[in-house]
Every structure is written in C-alpha cells, then in structure tokens.
Amino acid sequence: MAEIENLEPDLEELRESYRSGKTKEASWRKSQLKGLLTLLKEQEKDIFKALEQDLGKHYAESYRDEVGTLTKSVNLALSSLKDWMSSRKAKLPIAAFPSTAEVFPEPLGLVLIISSWNFPFGLSLEPVIGAIAAGNSVVLKPSELAPASSSLLAKTIPTYLDKKAVKVIEGGAAVGEHLLRCKWDKIFFTGNVRVGRIVMTAAANHLTPVTLELGGKCPAIFDSFSSSWDKEMVIKRVLGGKFGACAGQACIAIDYILVQEGFAPTLLELLRNMTKKMFGENPRETKSMARIINKQHFLRLKNILDDPSVQSCIVHGGGVDEDNLFIEPTILMNPPLKASIMTDEIFGPLLPIITLKKIEDSIEFINSRPKALAIYVFTKNETLKRRIISETSSGSVTFNDAIIQYAADTIPFGGVGESGFGRYHGKFSFDTFTHEKAILRRSLLTEFWFRFPPWNDFKLALTKSAYSFDYFGFLLVLMGLKKNS
Amino acid sequence: MAEDSETKKVFDAEAAASLMKELRGTYASGKTRSYEWRVAQLKNLMKIVDDHEKDILDAIRADLSKPEQESYIAEISIIKSSCTRALGELNRWMKPEKVKTSITTFPSSAEIVSEPLGVVLIIGAWNFPLLLALDPAIGAIAAGNAVVLKPSELCPATSSLIAKLVGKYLDSSCIKVVEGAVAETSALLEQKWDKIFFTGSGRVGRIVMAAAAKHLTPVALELGGKCPVVVDSDINLPVAIRRIAGGKWASNNGQACIAPDYIITTKDFAPKLIDALKHELEAWYGKDPLESKDLAHIVNSNHFARLAKLLDDDKVSGKIIHGGQRDKANLKFAPTILLDVPEDSLVMNEEIFGPLLPILTVDKLEDSFDMITSRGKPLAAYLFTNNKKLKEKFVKTVSAGGLVINDTVLHFAEKTLPFGGVGESGMGSYHGKFSYEAFSHRKSVLYRGFAGDASARYPPYSDRKLKLLKALLSGSVVGVILALIGWS
C-alpha cells in the first residue's frame, strides 16, 4: 500500500517522462504494448491464480473475459497504431484555397485510471492500452477489494513496462482521495455511481475531463421463440450473461428479465434445466461460477433474499454459503418492484423474472427507470428490434446475446445518463486519451483584404457573399454589379 | 411569453424544476426526434437571422458598441452557415453508421446509432452574445434534443431579443430561453440535465462542472486562455500584421477567447514588427482611436477597471510603446502595445481579454514553445513563419485547442474542424458535425445470429474449452477451425 506522502515524487517523475517527449514516440508506445503482451503471456498462470483467489473465477472464464480480450486489444492497438497516430485531413471549401486543415491526435499528458474489482485485470489494463497507445504517462489505481490481483499488477507492471512512465499505485479510499486531489490531464473511472460523482466533483476543481464507466440495471427482454434449437442457444446466452459473468457481478450482466406472462412458465423451465446443466445438481460444488467478492457484498445480497416479500418469489436456488462467500444461481418470479432487488443494481447471481401483459410493455418499463449500460433483447421480431433501438436509450443494445459486445472493438463501449459517459475499446480507447488538435495552415500569398477594418458597405457586401460561398455573387459585388442590401 | 418588467417573476429553484418537468414531458413525447421537426426548427432559426438582421445588429451595438461588420462576420454569417450546413447534412448525420465485426462475435452485424441526449442546457457568453447561444443550439436541435438557452446577462438587449425571437419563431414547448444572472443560472444548474454546454471563464466552468457532477451530467466547456502568436522574421509582414491585428482588435477589441493574447518574436525582428503594427493601427483606427467607430467598446466598467489595473501595474506602466488611451465614461480603450513586460506581471498571468498586446522578445523562437505550454494550454496558438521545420516543431510540441499557421482566429469558421479546448481551455468540441455529436449519444447496436455458437463460452468450463476460446479471441480463423475439429 502506497504511503500517501510519497506520491508527489512519483507523479513528478511521470510528468517529467511526459514532458521529455518520450511517451509520444511511436517506438515507445509500441514497446510498451509489446511489454503488455508479454506480461499477459508470461503471467497467465499467476493471473488465473489471483482471480481464483479474489473471486473464485475458473481460468476459462478468466481467459474469456480478461486475459483473452486484453490480448486481442493489445494486438489491435499494435497493428493499428500507425493509423491511429496519423493526422486526419479535413476538407475545406474552395474559398479557403490554398489552405489545408487537419486534425492531429496528441496525448493529453498524465492520466489516472481507476478500475473496479470484478474484472480487476480487464478493467485496469483495457484503458491502460488506450492511454499508452495515445502516448500518455499513466497512473493505475486498481481496486483494493481484489487484493491478489492488485498486488500482481503492482508487481508485474514495473517489470514489463517503463516504470518511469507507467505506475501502479495501490490502496483504498484514502489513497484514492489523495490521488483525486492532484491535477490530471484525464481521469478514467470504472465503478459505481456514488464514487463516480466524487471523481467528477474532484475533477471539476482542475477542469480535468473524465470518462465514467458506471453501471445500472441491464434488462433482458425475452420474446417467445418457436424452434427448439433457437431456444437452447438463447437460454445458454442468457445464463452465460448472468451467472457466467462473474456470478452476475458485472456492469453489463443481465440484471433482470422481462417476459410476456404466457411464456414465463416455459422460460422458467428452460432456465432451470440449463442452470442445472451448467452448474450441476449441487451448485456449491461447481468450479464454474465465481464467488461473491467479499463479506459486505455477500451480506448485501443475502439481505435482499431475506426480505420476506422477495424470498417468497424464489423459484430456483436461493442457497447461500457464508463461509465460502457463495450464493447459488437463484431465479425469482415477479419480486415486488419496490423491493431493493428491483430498485438497485443487483450485482450478484439473483435473476428476477418480471412478467408483462405484452412484450412491447417492456419499452415503457425500461423507460421509467434510469438509463442502463446495456439493453438485451432476445427476439426475432424485426419490429420489436426497431422499436427498442428508437424508443429506448442505453449505453448499447445487443440482440440475441449478452455481454459479448464487450469483446467487439469496432463499436464503442460506454454508458449514457446514470450509466456514465465517455467510451472505449478499439480505436475509441485511443481517442478517449487523445486531444484532437485542429490545425489550419494558411498561405501568406493571398488575402481577403475585405476582412479587415476600416469598414464600409463594399467590404460588407463582399464578406456576405464570401461567407455564404456565393462565388458568383462575390464576383458581382467585386465588379460593382451588386450592392449590400 | 412576454413579461411585464414590473411583475417579472423570479426564476428560482421551483421555476427551474417546473421548467424541467415540462421539457421532460415534451421530450418523452418524442416530438423533437423527427427529422421534420428538426428541419423546421433549423429553418426557423435561419429566418430569425435573415428577417431580423437589423434588430440583431442594433441589439449587439447597444450592448457592446461593436462595429456592424464585425457583428455581421462573427455572429450573423456564422450562424447562417451553421444552419445551412446542418440542414444540408442532417440526413447523413442521422443515419446509423454500419461497422464491421470480427470473428470474435461471428456471426454478427453492428452499427452505431445516434440518439439525442434528452434535455440540454446551453449557457452563452457575453462577447459574441448571439453566436455563442445559438451556434451550440443548432447542434442541440439538429441532434433532436429539447433545449434551454441561458444567454449572457451582460448583454441585456441581445438576451432579451433572443428570448423574444426564439419564443416567436421556434417551438416553445421544446426550446426555451431563460434570462438572468447568477441566481437564475444557479437555479438551472441544480436541475438534472442530459448535457450542459458552457462558454465562458475557467472560474465559472469549474462551478458548472461541479454542479453537473452531482447528476453525472456530461459537460462541454469552451473556456479561454492566453493565445500566443509566435512571429518569425521570414514572413510577408504586411499580410501577417493585418491578420494579427484583425484577430486581436477586429475581434471585439480583443475580448474573444481565441484573440491573440500576446506576441513572441525575436529581439532582432521586434522593431520591424512593432513599426508595422503601429502603421496598420493608424490606418485602421486613425490618429485618435478613441474617436474611431470601428473599435468595439469594453463590455462593462468591471472589465474596464480590470484592464486599467493591468496597465497601471508598476512593472508594466513603463513598457507601453503604443496606445494606452482610455475613456472610462464611454468604456473605450485604445489598442495598446507593450514591450517585454516581466513574466511575473499581472498582464502575463491572466487572460487579457482586451486590447492590450504584450510583445515578448527571445533569442531563438524554438525556446518559446516550452514557455507557451507551461502557462496552461490555451484555446488557440498561432505561428507566422515560412520555415517548415519550425512549423513541424510547433505542431508537435505546442498543445492548444487548435493551431493556425500564418493566420489567426480563422479556424473558428472552418466547419470541418472540431473547435474546442484542452486542459485549462476546456473540454469537448463543436462546429459542423462535431456540434451534432456533442449533443448525441452514439449507441452501439450489435445483432447476433444463431448460426453457430461456441459452447466453449459457457460453463461447465474445461481445458478444451479454453483452447477454443484462445483461438476465437485471437481472431485466428485457422485456430478456430482446428479447435472445432478437435472438438467434435
């Protein structure tokens, strides 16, 4: 754990590295990205061990959600770096000839990345990839709630990366507060709404731009399906998107399901059968589902279940093992909408099913709640798909699957409203740590002398024509054939 | 809605809450989403400027005594061209953007769909009172949002004209103007907006962002800074001088966020530069600039006193080499040039926002680049030179919102360039398509098919599944096939 008094020399060293210009060099950025790639390969076993220790994650899940996606992202950054770093030409109107204009991507400077405990490697390193590719100096503060992962990051980053330009600072709220008092060129925060507010308020003091990746209650709308093959595939995806995603402790995990009341019994049957297939008859023995991160969150979830009005709605699972911080995959049918299970983000393996009279009612249901990070819709109905896109708002929408949008790098990943703002993944990661500097190059050879004082009607008439790109009108005025009206 | 000045209701927290409730209702009705609605509003906005050009110029003159041509170029024509561009491009901007997908999510297709953020607040500034309220509004409306405009209270005639014309020409169930000062703005800032777009000073920018933080509202802050002009000796001096002088004194007499704040040039070249400047100033404003009708006034006595203080500073008063005349009663201030003021003087440590132009001399121009960035990143930085190497070094090392080589301020008019600050000069950008994007949420939409699925994704997990996952995530088609073959 970092001593708070010692932070200033570290930060000064990072600023100096940035000022020296070395992080701007393509060669430096490439070497850092390659370093990350090597870290992921060589430390794979230790990463799996840390995640197993912190969260009880199976290494296949750890690979799928963290190591694998990170490897993919680093490779993309390496192969695209030259393209991302190049200036983009901007088109200018003829009247501006012979000027040229471009947008030059430059790094912001020294950036702070604060990550969360549920995907401690993924949510730490995915933004770091963007920050480094964009040429910044970086401080990473991993979550103290995942201590094995935080400690592994603190140990390995200085070994594989340039320790004068990329630092890991471990610690909890006190260290976080101290870091937030410093002046950063950007803060990238993944976490909950409460801390998100604190981060943005602190950033306001220094006019630091922020990206906030928060959460929300991500609904899954389940339309009825006919073919049995479709049903099985879709059910797998639903369960994978809940219990298979860090036991539901994911910002984009399915929070609850909306289904038409007639179809609910069928859905429930399908879910229960597949849950048994995935996690076994006795889920406590499964190695394929993560544990709850700590006692505090375990008790939070247990309390949700202990509410009598909620407990009576449990239709599958519900068993808890406090010693092992394990909660069984649990399904509930229509818990009261005013109970905390339906007002707060669940972030755990409890899956409420809410029934509606018509599946289209899901639109109003979703719209009456804060905007979520993701909306999932399982349907083949093209009209419903179009309506969801145009009538609801969320960070993203995924049809007929869940979570997998995290692995796509051509679409931005980020929230809106209470689920946050800003985005990353793929080139969007690079952009989020970049200032797009506009550059206009003019020639000293030509001039529109009518731009300058002293003013008169003739000049005004010329200006009006020029600024509306009325070239013909411009000529007329010049020749004295048209006057300022 | 016309208000009698005696019985004018106070816009307080309750009024703000009820305003927000009304706008959320109209936004939820979907009214602002249609292409037709957006086009109608933009066309009407254009009409405001076309049909009321004289009223607008009169109001701006009453508030700022700005010469008509300046108001025309800087405010009216830019709004017209923004509207024209938005109307011409809206269809394209509103279309979803199809994007490629990789084998990791195969089979799938994806697109990015733009949607409005919802109910947005735009706070304008006083130096270009019409432009800085309406130009962002064009983006907000084009993007399909409900909008509240809060024009600057330091320009009462323009603010009141904006309220009247917007109320008359635009859909007042979705677009509203709230006039007022600190109390009214504070009441507005307490509400939960889907975006706040603010133009003004860094001090107030911090207040706006802190208020936004309570509701996790994203913000765009267009602030200012000390925009330097670096002048080399190998240039076409007459042209350069006109552009520098134009950017400074023909832009609201220096009261512009992108006006050149100070000049850096070599010791050798300074005399020639100063001579040329003095000449041009006399040609533009005559021997007695306070008599000229082509020079805008200082906005109010507070700012006048602020500028006077910068000049009366002991460290500086001996460095005035041109100008310095002022008329407190009429808020007139002549173009004033200062030479080699000390770096710790007041005038070199805050944004001048007025007609004072310090010239700093150095031995080598490259040495000045670090000096520039050490003062906080400005909104713009300018370089006059024909030296290619110097241009490249400038572009690489000077960080600012935007750079212009061999001119000043003009990048503001180029709609294909994003206009915005970095660091102390702000965050976010607008103009052209960037305005539309500033008020939009670009929503990712992923369509997944049913054709094939890797059971490797799901529990119960195993080593074999791990192999397939590795192949899938690395995008290796061969790897995927091999793993699948070995699988079945």
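Trainee: How do strand β3 and strand β4 of chain A pair?
Mentor: Strand β3 (residues 110–114) and strand β4 (residues 137–141) of chain A run in the parallel sense, with five bridges between them. Two strands count as a pair if DSSP finds at least two bridges between them. Strands (E, at least two residues) and helices (H or I, at least four) are DSSP runs, numbered from the N terminus.

Trainee: And what is the bridge partner of I114(A) in β4(A)?
Mentor: K141(A).

Trainee: Anything I should know about the model before going on?
Mentor: It's a predicted model, where local features need pLDDT of at least 70, side-chain atom pairs count only at pLDDT 80 or more, and totals for chains, interfaces and linings use all residues, while side-chain values use heavy atoms and leave out hydrogens and water. Residues are numbered from 1 along each chain as its sequence is written, with chains lettered from A and ligands numbered from 1 in the order in which they are written.

Trainee: OK, back to the sheet. In what order do the six strands come?
Mentor: The order is β5-β4-β3-β6-β7-β17 in chain A, an open sheet with mixed pairing. At the edges, β5 (166–168) and β17 (420–421) of chain A each pair on one side only.

Trainee: What about chain B: which way do β10 and β13 run?
Mentor: Antiparallel: β10 (residues 320–322) and β13 (residues 336–339) of chain B are joined by two bridges, and H322(B) has I337(B) as its bridge partner. β13(B) also pairs with β14(B), in the parallel sense over four bridges, where I337(B) stands opposite L357(B).

Trainee: Switching topic: how many salt bridges does the structure hold?
Mentor: 54 over all chains. A salt bridge here is a side-chain nitrogen of Lys or Arg within 4 Å of a carboxyl oxygen of Asp or Glu.

Trainee: Which residue does K443(B) form a salt bridge with?
Mentor: E115(B), with the closest N and O atoms 2.8 Å apart. That pair links distant parts of the chain, 328 residues apart: K443(B) is in strand β20 and E115(B) in strand β2 (residues 108–116) of chain B.

Trainee: Is K443(B) buried or exposed?
Mentor: Buried, because its relative accessibility is 0%. E115(B) is buried too, at 3%. Buried means under 20% relative accessible area, exposed over 50% and partly exposed in between, using a 1.4 Å probe and protein chains only.

Trainee: And how far apart are the closest N and O atoms of E16(A) and R19(A)?
Mentor: They are 3.1 Å apart, in a salt bridge. Both residues lie in helix α1 (residues 7–19) of chain A, three residues apart, or about one turn. E16(A) is partly exposed at 41%, whereas R19(A) is exposed at 52%.

Trainee: Any odd backbone spots?
Mentor: Most residues other than glycine have a negative phi, and most peptide bonds are trans. Here, a cis peptide bond joins P453(A) and P454(A), with omega about -5 degrees. P454(A) lies in the loop between β18 (434–441) and α17 (457–467) of chain A. In chain B, P459(B) and P460(B) are joined by a cis peptide bond, omega again about -5 degrees.

Trainee: What's phi of N406(B) near?
Mentor: Phi is near 70 degrees, a positive value in a residue other than glycine. N406(B) sits in the loop between β16 (402–405) and β17 (419–420) of chain B, and counts as buried because its relative accessibility is 1%.
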